[in-house]
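Good morning, colleagues, and thank you for making time for this presentation. May I ask you to look at the chain on the screen before I begin?

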Amino acid sequence: MRLILILLASLSLGACVTTTTTVLPSEAEIPEAPAAQRGVPVSVARAIEVTQRMEPVAEAVCRAETPRQNCDFDIVVLRDPRAGINAFQTINPDTGQPAIILTVGLIFEVRSDNELAFVIGHEAAHHIAQHIAQQQSAAERGARIFGNTAIQNGASREEAIEAANLGALVGSRQFSQSAELEADALGTIITCRAGFDPVQGAEFFSQLPDPGENLLGTHPPNRERVRIVRQVAAQRC
């Protein structure tokens, strides 16, 4: 496992956890958090310590659940302030290695090590559950259903393409909401196995805009996410 501090000018991959974009202070102005406790900002140094506890547990869960996957997580911190407050999971196209991307903005936005640990556990869970491939399949199914329906109803080629694009969006977004809840549940288990409190970690949701009951939203309502975390923690932690 490596924690890499890198500077990137742009971000092209989709966000999983995101709030508003902020301008961060220079590194010299960033205070160090003295200890893991609520109400104390988590510095990059503390983030490294949290990561060192989380990554082995995430890897062990990954190998137990999906042993044929690459489970050697690479956790990357983006220092570019233009990346805002963000976290997501992706796959390195060259190595196939799963990567968890955290912006330095997110690291300084979380209010405790528990919150940062939960975000990491949530992103690791996306990889373990193979959500990237499943979301692609959901989008393809939606495109086929909407496109074929349009053709059967006498749509033109352009109209069928437009319908297929809409179907891909609907399929992807509907899967995304269920995937977020699944990642919350598995992320809860990973977080508590690493010795953090996932219920306190899920308080990070209070800093996120609540998407509410939105059919095409990428995330489910915050209250539903908190309910899942509490339920799984009561049963598995």
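I shall go from the chain as a whole to its helices, and then to a few individual residues.

Please bear in mind throughout that this is a predicted model. The protein chain contains seven helices and five strands. Read along the sequence, the order of these elements is β-β-α-β-β-β-α-α-α-α-α-α. Of the 237 residues in the protein chain, 49% are buried. The accessible surface of the chain amounts to about 11,800 Å², and carbon and sulfur atoms account for 52% of that area. As for contacts, if we take those between residues at least 6 apart in sequence, 76% join residues at least 24 apart.

Let me turn to the helices, beginning with H1. Helix H1 covers residues 44-65, which is 22 residues. From first C-alpha to last, H1 reaches 30 Å, close to the 32 Å expected at 1.5 Å a residue. Where does H1 bend? The bend, of about 25°, is at Met54, and a proline, Pro56, follows within four residues. Met54 is itself one of the buried residues of H1. The buried set also includes Val44, Val50, Val57 and Val61, together with the charged residues Arg46, Glu55 and Glu59.

Helix H4 has 22 residues as well, numbered 131-152. The distance between its end C-alpha atoms is 31 Å, close to the expected 32 Å. The buried residues in H4 are His131, Ala138, Ala139, Gly142, Gly147 and Ala150. Seen down the axis of H4, these buried residues fall within an arc of 150°, so they line one face of the helix. On the other side of H4 we find Ile145, Ile151 and Gln152, which are exposed. Two of those exposed residues, Ile145 and Ile151, are isoleucines. Just after H4 comes Gly154, with a positive phi of about 85°.

Helix H7, residues 222-236, offers a parallel case. Its 15 residues should span 21 Å at 1.5 Å a residue, and its end C-alpha atoms are indeed 21 Å apart. Which residues of H7 are buried? They are Asn222, Arg225, Ile228, Val229, Val232 and Ala233. Down the axis of H7, the buried residues lie within an arc of 125°, so they too line one face of the helix. The background to this is the geometry of the helix: an α-helix has 3.6 residues a turn, so residues three or four places apart point the same way. The face of H7 turned away from the buried side carries Arg223, Arg230, Ala234 and Gln235, which are exposed.

I now come to individual residues, starting with two in loops. Asp80 lies in the loop between strand E3 and strand E4. Is Asp80 buried or exposed? With a relative accessibility of 5%, Asp80 counts as buried. The side chain of Asp80 reaches the backbone nitrogen of Arg82 at 2.9 Å. The C-alpha atom of Asp80 is also 8.6 Å from that of Gly105, a residue 25 places away along the chain.

Ser112 belongs to the loop between helix H2 and helix H3. Ser112 is buried, its relative accessible area being 2%. Its side chain reaches the backbone nitrogen of Glu115 at 3.2 Å.

Within helix H3 we have Leu116. What is the relative accessible area of Leu116? The value is 0%, so Leu116 is buried. The C-alpha atoms of Leu116 and Phe204 are separated by 8.5 Å, although these residues are 88 apart along the chain.

In the loop between H3 and H4 is Gln130. The phi of Gln130 is near 60°, a positive value in a residue other than glycine. Gln130 is partly exposed, with a relative accessible area of 37%.

A second glutamine, Gln89, sits in strand E4. Gln89 counts as buried, at 11% relative accessibility, the cut-off for buried being under 20%. Beyond its neighbours within four places in sequence, Gln89 is in contact with Pro98, Ala99, Glu123, His126, His127 and Ile132.

To close, I would return to two points. In H4 and in H7 the buried residues line one face of the helix, so each has a buried side. And in the loops, the side chains of Asp80 and Ser112 each reach a backbone nitrogen. Thank you for your attention.

Key: Residues are numbered from 1 along each chain as its sequence is written. This is a predicted model: local features need pLDDT of at least 70, side-chain atom pairs count only at pLDDT 80 or more; totals for chains, interfaces and linings use all residues. Side-chain values use heavy atoms; hydrogens and water are left out. The expected span of a helix is 1.5 Å times one less than its number of residues. Buried means under 20% relative accessible area, exposed over 50%, partly exposed in between (1.4 Å probe, protein chains only). The arc is that of the directions from the helix axis to the C-beta atoms. Contact means heavy atoms within 4.5 Å. Accessible areas come from the Shrake-Rupley method with a 1.4 Å probe; for residues, only the protein chains shown count as cover. The bend at a residue is the angle between axes fitted to the seven residues ending there and the seven starting there. A polar contact is a pair of N or O atoms within 3.5 Å; within protein, one must be able to donate a hydrogen and the other to accept it, and residues adjacent in sequence count only if both atoms are side-chain atoms.
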